[in-house]
Structure formats: C-alpha cells, structure tokens
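These are my notebook entries on what I looked up in this structure. I kept each entry to one topic.

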2 protein chains.
Amino acid sequence: MPRGRPPKFDEEQVLDTAAALFKRDGYDGIGVAELCQETGMAMQSLYHRFGDKAGLYREALERFGQTANDPQVQALEQSDDALAGVQAFVRQWKRHIGASRDGGCLFTQAMSRSDRSDPQAPDAVARAYTGRLRRTLTATLRRAIEAGQLKRDTDPAVLADALLTSAFGVAVIGRGGMPGSMIEHTIAAALAMLDQAKA
Amino acid sequence: MPRGRPPKFDEEQVLDTAAALFKRDGYDGIGVAELCQETGMAMQSLYHRFGDKAGLYREALERFGQTANDPQVQALEQSDDALAGVQAFVRQWKRHIGASRDGGCLFTQAMSRSDRSDPQAPDAVARAYTGRLRRTLTATLRRAIEAGQLKRDTDPAVLADALLTSAFGVAVIGRGGMPGSMIEHTIAAALAMLDQAKA
DNA sequence: CGAATAATAGAATGATCACTCAATAAATCA
DNA sequence: TGATTTATTGAGTGATCATTCTATTATTCG
C-alpha cells in the first residue's frame, strides 16, 4: 500500500484525456490550466508527476501509441491469414484515423510539429511507434509472400511503405476537412494494390 | 506613381520568407517580432498591410500555393502526354515535398493545425489549393484514359485521390524524420499503380 | 496519537507575445 | 515650399501562459 494522500486522478485516464486534447488543439493550442481542468488533475500533481508540459505530452504520446497503435500491431502480428490481416488494417483507416476533424492521428501531428527549443523533440516517440508499425507491416507482407498469397517478386518493403504513407495521408485528409470520398478512394486503391500483388 | 514614402520591403519576398518561416516553425512557433526581423518589414507596416498575424499567415499560404502548387497544376494541365505528366508529378515528390525536415508542405501543416479561435481557419486556403490540384490530377488522368494510355475501366477519381493522399503522406514523412527510403518506396509504388492501369 | 509522506488548492510570478502608440522620415502633388 | 500620404522606428501595454510558492488536507507507519 502506498504512503501519503491517495491521488484523485487515474493516471491512464489523465493520459488518455491529455492525448485527446493535444490531438484536438495541438501542443500550443491548449494550456496547462485547461489540461488540469479537463483531466481533473491538480496542477502541482501534474508538475510533480510529469515534470512539465512537454513531459506530459511525451507520455501522452506514448500512451496514445499503446492504445491506438499497439492493437493494430498485434492484430497484424497475430493474424493467421497474413494478407487478410493487412487488408483489415487498410479497411479500418476510415474509422480509425480519418474519422473527424477532432480525430486524425496524434503521431502525424507530432511529426509535423517543430520545437526549436527541444531538438530531441517528442516526435521521437511518434517515430518510434510508427517505425514499429512499419516493421510489423513489412514482416506481415513478407509472411504473405512466403505463404504464397502474394507474388514471389513482390517487394514487401515497397508495399508496406506505400501503405503506411497512405495511412499518414489519410490522417491529414481527415484532419484537414478534405472530402470523405478521398479516404474511401485511397482505401480502394490500397486494396487494389494488394489485389494486384496476389499470386 | 504611388504617393507617400516608398516601402522598404518587397511584398512577394516578404510572403515567401514568411511562408518559409511558418513552414519551419509552425504558426505558434514563430513570433511577429522574428517575422519582422527576417522579412525586413517594420512591425507597423506588417499590421497596416496584413491586419494581424493570422492575415499574414493566410496571405503567405496563398503565396505558397502560387509558388509551390500552381507550377504543378499547370504542368499537369499543359502536359501533351497526360500519363507522362502524372508520372513526372509523382517523381518530383521526393525533391519537392519530402526534401528535408525544414521542408514539407505548408498545406499539410495548415490542415493539421487547429485554431479554436477561428473556425473558418486559414486551412480553408490550403483546402482550396489542394482541391484544385485534386481536380486537375483527376482531369489529367481522365485525359490519359480517353487517349487510350490507361485502361478504359480505370476510375480516375480513385487513382487521383490515392496519389494525392500519398503526396500528403510523403510530406508528413519528410517533416517527421522517417527514413528517406519510405519516400522512394512510396514513389515506386505510385508509379507501379500507374503502370498497372496502363492499357 | 504523532510523525512522515504524498497529494490538493489557490494564488503569485516572471516571461513571452500579439498588438498599439507617439513621433519621425521620405516620398508625391498643388 | 508646404500639405498630404505612407512607411519606419522604438518603446510600451495588456493579456496569456508555463511554472512555482505557500499552505492545507488526507493517508500510512511506528
């Protein structure tokens, strides 16, 4: 049992809320006061636990990776049918990353950000997580090739990178208020790409 | 001849510089003072000419569209060989939008931005310009189909949206410090998509 | 119960920043 | 030349914001 006064906040919930707020308003678009208000965390506690605003952002990014990215990575890894796994990954783009203007992807936002004060910026976290997804996607495609689902001369790295880049693009479209048909068309083209590579 | 004291600044140059700075640092990442310093424009003149910081941003976005987007739109429109025009468009992604961390695309940044104070935010400009590129790209692909360069059953809207979404993704990758090979792979896959659609 | 520990509350604080004010300089037109 | 128009200069202002200070409350261990 821990000593001292028990915390009023649930750490995971704080990070989920913070991630959502950062995603909606951007790093500079939301203040620490409002973050405290919305998360229910006292300001002192925030500084005690996370150091500063940038620290909270970094941990919120990590949490976002765990809640938003890990399931996808694991679904790909654990898919019995590798090709079907990749197809499912593509099909959920609309719901998952292109949903609404409030939505989008905290990673693409983090990578678009530029913090001159901190060269080793928090986008390193975003890079780490997208890098992991990239490796998993490549490995899953390689698995589909070895299983004879895709043509032997398919380059899994090319296909994986093209798909992941499209996913980034979908996030931008979703956030930027471009027509929703763009997302559907992108998904259709990505699935067609996979079909073309079929053995 | 204009009345009054002649301005020290060149308006187009001011907008080009401002666009570059906004692209590098983001809207919140750079202050009006530094914008004046770098553009050589007096602060009073800036407020007289552009109203406020957001006004400068909006006009810088427009200028960016004219210098960065118009050439591509026109190259597509004026291409004798429609398919070759689209291929050239894709091939220049690496140089043009995925160049460096300072680079990227001001439009994708603008669309990722969220300004709660201004619901009709400046990203409307970005949407307008990317929308124009989207229409042109679709029209050029339709031209390639009608010229018999692409299969009759090709959907130009699907292909155009998939390509444009990839372009957005390339901008994110370039900014986010992901491996350069991702860009090359994406370009390769986009060109392969076009090859698959060949008649 | 008393000491120690950890969290909360609410008000400062110091810096930054968008924006403005007052005065001046350089040009054109009558 | 003098009036008018426009741009520059440089300091100032009020607001916002991240961060900290001081004091208080709630809990566990001896």
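**Entry 1. A single histidine.** I began with A:H96, which has 18 C-beta neighbours inside 10 Å and therefore counts as partly exposed. The model is a predicted one. I placed A:H96 in helix 6 of chain A. I then looked up its separation from A:A68: the two are 28 residues apart in sequence, and their C-alpha atoms are 8.6 Å apart in space.

**Entry 2. Helix 5 of chain A.** Which residues of helix 5 (residues 82-91) of chain A are buried? I noted A:A82, A:L83, A:G85, A:V86, A:F89 and A:V90 as buried. Viewed down the axis of helix 5 of chain A, these buried residues fall within an arc of 160°, so they line one face of the helix. I recall that an α-helix has 3.6 residues a turn, so residues three or four places apart point the same way. I next looked up what the buried residues of helix 5 of chain A pack against, and recorded helix 4 (53-78), helix 6 (93-96), helix 8, helix 9 and helix 10 of chain A.

**Entry 3. Contact between chains A and B.** I found 39 residues of chain A in contact with 39 residues of chain B. On the side of chain A that touches chain B, two or more residues each come from helix 1 (11-25), helix 7 (106-112), helix 8 (123-146), helix 9 (156-176) and helix 10 (180-196) of chain A. Helix 9 of chain A gives the most to that side, with 14 residues. By class, I recorded 15 nonpolar, 15 polar and 9 charged residues on the side of chain A that touches chain B.

**Entry 4. Helix 9 against helix 9.** At what angle do the axes of helix 9 of chain A and helix 9 of chain B cross? I noted a crossing at roughly 95°, with the axes coming within 7 Å. That makes helix 9 of chain A roughly perpendicular to helix 9 of chain B. From chain A, the residues of helix 9 that meet helix 9 of chain B are A:T165, A:S166, A:F168, A:G169, A:V170, A:V172 and A:I173. Their partners in helix 9 of chain B are B:T165, B:S166, B:F168, B:G169, B:V170, B:V172 and B:I173. I recorded 8 nonpolar, 6 polar and no charged residues in this contact.

**Entry 5. Helices 1 and 4 of chain B.** The axes of helix 1 (residues 11-25) and helix 4 (residues 53-78) of chain B come within 8 Å and cross at roughly 100°. Helix 1 and helix 4 of chain B are therefore roughly perpendicular to each other. Among the residues that meet, I listed B:L15, B:A19 and B:F22 in helix 1 of chain B, and B:L56, B:R63 and B:F64 in helix 4 of chain B. This contact has 8 nonpolar, 1 polar and 4 charged residues.

**Entry 6. DNA strand C.** I found 25 residues around DNA strand C, of which A:G4, A:K8, A:S45, B:R5 and B:G31 come nearest. Helix 3 of chain A, with helix 2 (32-39) and helix 3 of chain B, are the elements giving two or more residues to this surface. The largest share, 4 residues, comes from helix 3 of chain A.

**Entry 7. DNA strand D.** Of the 25 residues around DNA strand D, I noted A:G31, B:G4, B:R5, B:K8 and B:S45 as nearest. Which element supplies the largest share of the surface near DNA strand D? I recorded helix 3 of chain B, with 4 residues. The surface near DNA strand D divides into 11 nonpolar, 7 polar and 7 charged residues.

Conventions
Residues numbered from 1 in each chain as written. Chains lettered and ligands numbered in written order. Predicted model: local features only at pLDDT ≥ 70, side-chain atom pairs only at ≥ 80, totals over all residues. Axes fitted to C-alpha atoms, helices over the stretch in contact; angles between N-to-C directions. Parallel < 35°, antiparallel > 145°, perpendicular 65-115°, else oblique. Contact = placed C-beta atoms within 7 Å. Nonpolar A, V, L, I, M, F, W, Y, C, P; charged D, E, K, R; others polar. Near = placed C-beta within 6 Å. Buried ≥ 20, exposed ≤ 12 C-beta atoms within 10 Å, placed from the backbone. Arc of directions from axis to C-beta.
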